[in-house]
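Subject: Handover of a structure and the findings so far

Dear colleague,

Please find below the structure that I am handing over to you. A description of what was found in it comes after the display.

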Amino acid sequence: MLTIVQFDAASASVLGRLLSDGLLPNLARLRERGVWHELAAPATQFAAGAQHTLYSGVPLAEHGLFYPFQWSAPEQRVRYMSAFPAPPPIWERLGPRGTRTLAVDPYESRPPSDPPPGALVCGWQLHDRVVLRRWDSPGGEHRRLQRLFGPPQPVDEVFGRHTAGEMLALRRRLVAAPGRVADAAGLLLAEQPFDLAWLTFCAAHVAGHQFFDLSQLDPAGLDRATERVLGSTVDHVYRAVDAALGRIAAALGEDADLMVVCPVGMEINTSRADMLPEMLRAVLDPPVERPTPAGSTSSIWRLRAALPSGVRAKVAAALPERAALDLTARLELRGVDWSRTRAFAHPAENQGYVRLNIRGRERDGIVEPDDAKELMEEIASGLFTFTDLDGAPAVRSVERVADLFGTGERAHQLPDLIVRWVDTPATRVLGMRSERYGTVLRHGAGSGRSGNHTEGDAWALVVPGASRPVTPTRPPQLEDVAATAAALAGAGDLPDLPGHPLLQP
C-alpha cells in the first residue's frame, strides 16, 4: 500500500528550525530513511492551483483552476469554483481498476462523481465551507466517525482583523485537528484493506495563514500570556502533525510505501492584492475621465473593512452553505460598469491577478484582441509607479500569463497578468502611492493573514517500503505524486498523466 501524507502549506523556515531543535522526531526519522525531492509546482504564480494538480496529476493550464472564486467569461461574473469542471483525482481514476482508497480531507476537493471503492471523507478534521466542504463516500461515514470521535470544528475564514479571543479559540481547534486525522485513519485502516491512503493535514495550512506572526493583531489587546500562547501556535500545530504522522507510520507496517508531500509553502504575508483594484482603476481611469468620484466603485474589500469580521462571520453562518458561496461570488466585482471597464483585478489574496475585458472572449468585452498587448503594457507600466507609502518598492514584476501558461485546454480560464509583490511584510502596510496616479489607501486590515504562500517550497519525502525509489531523469514536479500512485497501483498506462513516478514496484 502507498500512503501519501499531505503536510499542507508547510513553512520551510519553521520546519527547518523545528527539525534542528529535535521537535519533529517522526518526520526526522522518515527523512533518515527516505529521499527528499524539491518539486516544481504552480504555486509560484497560482498557489491555489497546486491542490488540483497534486490530486489529479494534471498541469495547471489543463485544468484552469487557480482560486476558489473564479471569473466566468460567458456569464461576465465570478463563480465559486465548483461551477467549473475539475479533473478527477487519481483515486477516482484508479477506482474502476479495483484500487481501494482511504482519503481524509483532500483540500479543495469535490464529492466523487464515480465513487471508488474504499472510504473517503472531507471536512472531517476541520470544516471550511470554501475549501473543506463536508462530503463522504460511502454515505454515513461522517456520522459514524463523529459518533466515535466528536464533530469537526469550523474554521471558516473571514478576511479582516480578528480579536484575541477569536484567535485563541481557533488555536485550540487547530492544535486538536491533526489527532483527528490519525484517529480516523487508525480506525479505518484496521477495519479493511486499502491500496492507497491519502491523508491531508490541513491545520498546518490554516495555522500558517493566521498565526505566522501576530502582526495582524492589535498589540493593545494582547497581554503577555496571550501573546506567548498565540505566538507559539504554528510550532504547536506542526508538532501535533508530527505526532499524528508517527501514529500513522506505526500503523502502516514496515513494507508500506510512504510519501510526505507539501504542495505549496508558507512564509510571511507580502500580499497587497486587496489594493490592486484601486491601483488598476487609478491607472486606467485618471480622475478627469471618471464619471464618479475616486473610490466610489463598489469593492468587496471596502465592504469587508466596513463590517467587523465577527459580524460577517455570523451572517455567513446563518446562510445555507451554497447561498453563502453564491453571495460571496456575486459581491466580487459588484457594481462594475462593463461598458467602460477595459481590465479588472481578479479576486485574489496572494499574488495580484488582472484580466482584460476582451471582446469575443468576455460576454461584455470591449477591448479588441489586437489591442490587448498594448493595454497590458500600459497596465504594467502604471503599476510599477506605485510604492509603499514610505517610498519602498511594492511591485516586483508584472508577468503575462500567456508567456508562462500559453497552451493548455483551460488556459483561457486564467487571468492575463500576474502582479508579484516585493518580499517585504505587508500586514501593516497602510497604502501605496504613485507620483503619477495618486495614493491608494488600504481599507481595513486587508485579508488579515500574517502568513501567505511562497514561491516554491513544494517538496516530497519518499520513504520506500516494498517498492524502490526512482532516480528522476528531470527535476521532479508536483504531477509526479499522482503518477507515483498510478504506477504502484499498476496503472502506469493511464492517459493524460505527464508525471514521472518517484517509486516503482
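The paragraphs below cover confidence, the sheet, a hairpin, three helix pairs and two backbone details.

Please note at the outset that this is a predicted model. The average pLDDT of the chain is 92, and a score of at least 70 is reached by 95% of the residues. One stretch calls for separate mention: over residues 289–298 the pLDDT stays under 50. For that stretch, the model has 17 contacts beyond four places in sequence.

**The eight-stranded sheet**

An open sheet is formed by eight strands, and its pairing is mixed. Their order across the sheet is β2-β21-β11-β1-β10-β5-β6-β8. At the edges stand β2 (35–39) and β8 (135–137), each of which pairs on one side only. On average, neighbouring strands of this sheet are turned by 10° against each other, direction ignored.

In general, strands of a sheet pair through backbone hydrogen bonds, and the pairing may be parallel or antiparallel. At the β8 end, strand β6 (residues 118–122) runs antiparallel to β8, and three bridges join the two. Within this pair, Leu 120 is placed opposite Ser 137 of β8.

Two helices may be described together with the sheet. Helix α6 (residues 141–149) lies across β6 and β8, and its direction makes an angle of about 75° with β6. Helix α17 (residues 479–488) lies across four strands, namely β1 (2–7), β2, β10 (196–201) and β11 (257–262). The angle between α17 and β1 is about 165°.

**Strands β15, β18 and β19**

Strand β18 (residues 431–434) is joined to strand β15 (residues 387–388) by two bridges, and these strands run antiparallel. Strand β18 is also joined to strand β19 (residues 438–441), here by four bridges and again in an antiparallel arrangement. A hairpin of three residues connects β18 to β19.

Arg 433 of β18 appears in both pairings: it stands opposite Thr 387, and it also stands opposite Thr 439 in β19.

**Three helix pairs**

The first pair to describe is helix α11 (residues 276–284) with helix α15 (residues 372–383). Their axes come within 9 Å and cross at roughly 115°, which makes α11 roughly perpendicular to α15. The crossing of α11 past α15 is right-handed. On the α11 side the residues involved are Leu 276, Met 279, Leu 280, Val 283 and Leu 284, and they meet Leu 375, Glu 378, Ile 379, Gly 382 and Leu 383 of α15. By class, the residues of this contact comprise eight nonpolar, one polar and one charged.

The next pair is helix α7 (residues 164–191) and helix α8 (residues 203–211), whose axes also come within 9 Å and cross at roughly 155°. This angle makes α7 roughly antiparallel to α8. The two helices cross in a left-handed manner. From α7, the contact draws on Met 167, Leu 170, Arg 171, Leu 174, Ala 177 and Pro 178; from α8, it draws on Ala 203, Val 206, Ala 207, Gln 210 and Phe 211. The contact of α7 with α8 has nine nonpolar residues, one polar residue and one charged residue.

The remaining pair consists of helix α1 (residues 12–20) and helix α10 (residues 233–252), which pack at an angle of about 70° with their axes 11 Å apart. Helices α1 and α10 are therefore roughly perpendicular to each other. The crossing of α1 past α10 is right-handed. Val 14, Leu 15, Arg 17 and Leu 18 of α1 make the contact with Val 234, Asp 235 and Tyr 238 of α10. By class, the contact of α1 with α10 has five nonpolar, no polar and two charged residues.

**Two backbone details**

Ser 137, the residue of β8 that stands opposite Leu 120, is joined to Pro 138 by a cis peptide bond, with omega at about 0°. Pro 138 itself belongs to the loop between β8 and α6.

The other detail concerns Ala 9, whose phi is positive, at about 55°, although Ala 9 is not a glycine. Ala 9 is located in the loop between β1 and α1.

With kind regards

Methods: Residues are numbered from 1 along each chain as its sequence is written. This is a predicted model: local features need pLDDT of at least 70, side-chain atom pairs count only at pLDDT 80 or more; totals for chains, interfaces and linings use all residues. Side-chain values use heavy atoms; hydrogens and water are left out. Axes are lines fitted to C-alpha atoms, for helices over the stretch in contact, and angles run from 0 to 180 degrees between N-to-C directions. Angles under 35 degrees count as roughly parallel, over 145 as roughly antiparallel, 65 to 115 as roughly perpendicular and the rest as oblique. A crossing is left-handed if the near helix is turned anticlockwise from the far one by less than a right angle, and right-handed if clockwise. Contact means heavy atoms within 4.5 Å. Ala, Val, Leu, Ile, Met, Phe, Trp, Tyr, Cys and Pro count as nonpolar, Asp, Glu, Lys and Arg as charged, and the others, Gly among them, as polar. Two strands pair if DSSP finds at least two bridges between them. pLDDT is the predictor's confidence in each residue, from 0 to 100.
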